[in-house]
Amino acid sequence: MSGRENILAKIKAIPRESRLLPEIPAFEFPMDHKVAFMLSIQANKGEVITESELKDFIAINRFEKILNLAKGMESLSTQPLPSDAHELNELEVAIIQGQFGVAENGAIWLTDENLGLRALPFITEHLVIVLEEKSLVSNMHEAYQRIGDQPSGFGLFIAGPSKTADIEQSLVIGAHGAKSLRVVLR
Amino acid sequence: MSHPAKASEFLQDAAKAKWHDETLWFVRDKRDTISKTIPEWEELRELASQIKDNVLANLYEYLVQFEEKATANGIQVHWAKDAEEHNQIVLSILQKHQCKAIVKSKSILTEECHLNPFLENSGVEVVDTDLGERIVQFLNQPPSHIVLPAIHLKKRDISELFHEKLHTEKGNEDPAYLTHAARLHLREKFLGAKVAITGVNFGVAETGEFVVCTNEGNADMGVHLADVHIACMGIEKIIPRRKDLGVFLRLLARSATGQPITNYNSHFRSPAQGKEIHIVLVDNGRTDQLAREKFKNSLKCIRCGACMNTCPIYRRSGGYSYGSVVPGPIGSILSPGLDLKKHSSLPFASTLCGSCTDVCPVKINIHEQLYEWRQEITKAQGTNAKSISMKIANGIFAVPFAYKITGAMMRGALKILPDSITYSGLNTWGKQRDLPETPKETFKDWYKKNRS
Ligand code: SF4
């Protein structure tokens, strides 16, 4: 008997009771979306900045390897999207358009359509996500309502930079992925 | 070796044991703080519990639906009845791609299946990429906690280890420095791997997608640079609808580490162009547990680790004292189902204080199941001298009314007990420790007072 038949037959043999799937209510969110979102990003060790602060960040650090996929920031790009993600290993800054942000936890939804290459937000040294203020939703329930049945092959919530606390519970930013997250809220 | 004997080993280093205890309590405290910022927290737990009840009642249908959707999305679905079949499936995929080196992100299931030694014996280099897991892998140890794999180690230990393995400066114990060294080391591995393995946090029947949550981003670094992604998933990880993720993602990280969400929450629905995604659905004892009416609820677990962080025994005995892949309270109700004889001391590694049940985001009645296992084990073992201490613990802590009666009496009892029981010489894990201080007021009273 194959693994599949074996497993399914065993499950079928177990007597079962009816347990209803609950509906998920819309929970109220008492805070202003923008204020809450900014606090969340800060708590996750990210930063919310303006467009001009982004330009300063790039200028001060003299970044030269910048890849932009966000609307209206094309002039910042110094290189096009390669066909192979391995070529992004030296990338200093990736600028990506986020679809919407979640106030309660700072999570930002991105899909293949925004990413170009799925590795992009991870392999880059610094990540910048551009987000429209009006796109903010309150909590994760509203977030999934908004995602609906969007059929993207890959989607993800990013809520902060890569981090770890695996050495004595000391928080270190920049484990494997992006060493910083900046959100341009506009 | 039994739990008490191993706990006794852990307690040899008193300073380290104290640090372990306090650090995990700190994590538990963060969980409390953040859960209180969500007015609907208890309602969310109830929802999560009901959704999982529904999953267990309809597992057959959901698995079939998941397979159908995932296949339609271009994911290759495999089924493994046990660890051996799981390992063979993984190996055959690697062989097909002539792959000799893989990267793997945190997956308790692959630990359970002992995938690493199996692959290494077949000539495949396995690199665990979660920092904590890489550390314990260097030491040839399993993780000691399901969320914090290296929580039993101090930075001094890790500094020495990295000096030897990664040639970091001798004596440099700075966590940022050590993490950076690991980053450079693992970056090379990510760039070189053709196949990446991950675990799965949630599989969605409705869409055929699956979700992987990390803070480090290591799962994604691995899979997006590799040509082939193999996701290993226990069959109980299914949830019915995409919107159910809203409930579980709100609960998971808050319960695990006290953060509002993990920094990366990746939803895999179909492979990128020219790449492959495989998913291995694994039973390995889960259907047996599902058939045990009293214990099937343990399959609702989302592996947040909160029950470990809160457990007075886990904190003071360390993950290794359990001798099972999943340690702590949840491990103590899962493992006896896999091997009752080997794990017979685990259900007794508890005060039945019920704290695990109180923090569990999917409301598993953990301490009641511990009590039930004690009955099963006592029945199976009969009476022998070895179990005297268990019986005493059983007699005093485990009488149903003792934990069912409300507050005052039990708290009073705990105050009198420590000397007579924990230092009785029959109870090894109690030898070097005191029972937790009992609160002067009930949580309910405290909460009422402090809530406003
Ligand atoms: S049993 Fe509950 S508290 Fe323990 S790890 Fe599982 S979900 Fe978390």
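**Close-up 1. Cysteines of chain B in the predicted model, with B:Cys356 at the centre.** The cysteine sulfur closest to that of B:Cys356 belongs to B:Cys353, and the two sit 6.2 Å apart. That's too far for a bond, since a disulfide needs the sulfur atoms within 2.5 Å. Don't go hunting for one elsewhere: a search of the whole structure, over all chains, turns up 0 disulfides. B:Cys356 is also buried, with just 6% relative accessible area, and B:Cys360 is buried too, at 8%.

**Close-up 2. Where chain A meets chain B.** Here 65 residues of chain A are in contact with 90 residues of chain B. Putting the two together buries about 6800 Å², with carbon and sulfur atoms giving 59% of that area. On the chain A side, A:Ile167, A:Glu168 and A:His176 supply 12% of the area this chain buries against chain B, more than any other three residues.

**Close-up 3. A salt bridge between A:Glu168 and B:Lys154.** These two side chains meet at 3.3 Å, N to O. Across the interface of chains A and B, the count of salt bridges comes to 10. As for polar contacts, 42 residue pairs make them between the two chains, counting pairs with both residues at pLDDT 80 or more.

**Close-up 4. The side of chain A that touches chain B.** Several elements of chain A each supply at least two residues here, among them helix H5 (120–123), helix H6 (140–147) and strand S7 (154–158). H1(A) gives the most, with 8 residues. Sorted by class, this side of chain A has 30 nonpolar, 21 polar and 14 charged residues.

Notes:
Residues are numbered from 1 along each chain as its sequence is written. Chains are lettered from A and ligands numbered from 1 in the order in which they are written. This is a predicted model: local features need pLDDT of at least 70, side-chain atom pairs count only at pLDDT 80 or more; totals for chains, interfaces and linings use all residues. Side-chain values use heavy atoms; hydrogens and water are left out. Buried means under 20% relative accessible area, exposed over 50%, partly exposed in between (1.4 Å probe, protein chains only). Contact means heavy atoms within 4.5 Å. Buried area is the accessible area (1.4 Å probe) that two parts lose on being put together, summed over both. A salt bridge is a side-chain nitrogen of Lys or Arg within 4 Å of a carboxyl oxygen of Asp or Glu. A polar contact is a pair of N or O atoms within 3.5 Å; within protein, one must be able to donate a hydrogen and the other to accept it, and residues adjacent in sequence count only if both atoms are side-chain atoms. Helices (H or I, at least four residues) and strands (E, at least two) are DSSP runs, numbered from the N terminus. Ala, Val, Leu, Ile, Met, Phe, Trp, Tyr, Cys and Pro count as nonpolar, Asp, Glu, Lys and Arg as charged, and the others, Gly among them, as polar.
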